[in-house]
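Student: Could we go through this model together? I would like to see how each label is earned.

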Amino acid sequence: GSGKTLFVKGFAKALGVTETITSPTFSLVKEYTNCEMPLYHMDVYRLDNEEDFANLGTEDMIYGNGVSIIEWSEKIMNELPKKTIILKIEPQEDGSRIITLDNWPYGEII
């Protein structure tokens, strides 16, 4: 309900993805390759630990030439590359959202 998948839909549209974007909650990873560059949409909410993420075989996705968008990434922070940008979406009582970008692990707001 915070807008994570809606954000991914907009990002995917900008890359030229023509497929319908849905949340990967149960599949964990959805790949979109019919676009400008590969887009990997991941939802790690259901994983128990970082080792589970590493066992998914996502290394080529997060270190490759595409874009990886990972929902619930705070569960796997030690598995993320140094060039990770953290986007936080915080719903407000009035229905608006506060969006913050952070250059992890450096902690600089960009």
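Tutor: Gladly; we will take the labels in turn, and please keep in mind that this is a predicted model.

Student: Let's start with the overall fold. What makes up the secondary structure of the protein?

Tutor: There are 3 helices and 6 strands. Along the sequence they come in the order α-β-β-α-α-β-β-β-β.

Student: Why is the protein called as compact as a globular protein of that length?

Tutor: The globule rule gives 13 Å for 110 residues, and the radius of gyration is 14 Å, close to that value, so the protein is as compact as a globular protein of that length. As for its extent, the C-alpha atoms fill a box of roughly 40 × 35 × 25 Å along the principal axes.

Student: What share of the residues is buried?

Tutor: Of the 110 residues, 34% are buried, where buried means under 20% relative accessible area. The protein exposes about 7100 Å², and carbon and sulfur atoms supply 50% of that area.

Student: Now to the strands. Why is β2 called largely enclosed?

Tutor: Count its residues: 5 of the 5 in β2 are buried, so the rest of the structure largely encloses this strand.

Student: How do you know that both faces of β2 are covered?

Tutor: In a regular strand, side chains alternate between the two faces of the sheet, so each face can be checked separately. On one side of β2 sit L39, H41 and D43, on the other Y40 and M42, and all of them are buried; both faces are therefore covered.

Student: Why is β3 also described as largely enclosed?

Tutor: Strand β3, residues 67–71, has 4 of its 5 residues buried, so it too is largely enclosed by the rest of the structure.

Student: What makes β2 and β3 a pair?

Tutor: Pairing needs at least two bridges, and 5 bridges join β2 (residues 39–43) to β3, with the strands running parallel. Within this pair, M42 stands opposite I70 of β3.

Student: And how do you know that β1 and β2 pair?

Tutor: The same cut-off of at least two bridges applies: 4 bridges join β1 (residues 29–32) to β2, and these strands run antiparallel. Here K30 stands opposite H41 of β2. The two strands form a hairpin, with 6 residues between them.

Student: One last point: how far apart are the mean positions of the positive and negative charges?

Tutor: They are 6 Å apart, taken over 10 positive and 18 negative charges.

Key. Residues are numbered from 1 along each chain as its sequence is written. This is a predicted model: local features need pLDDT of at least 70, side-chain atom pairs count only at pLDDT 80 or more; totals for chains, interfaces and linings use all residues. Side-chain values use heavy atoms; hydrogens and water are left out. The radius of gyration is taken over C-alpha atoms; the globule rule is 2.2 Å times the number of residues to the power 0.38. Buried means under 20% relative accessible area, exposed over 50%, partly exposed in between (1.4 Å probe, protein chains only). Accessible areas come from the Shrake-Rupley method with a 1.4 Å probe; for residues, only the protein chains shown count as cover. Lys and Arg count as positive and Asp and Glu as negative; His and the chain ends are not counted. The place of a charge is taken as NZ of Lys, CZ of Arg, CG of Asp or CD of Glu.
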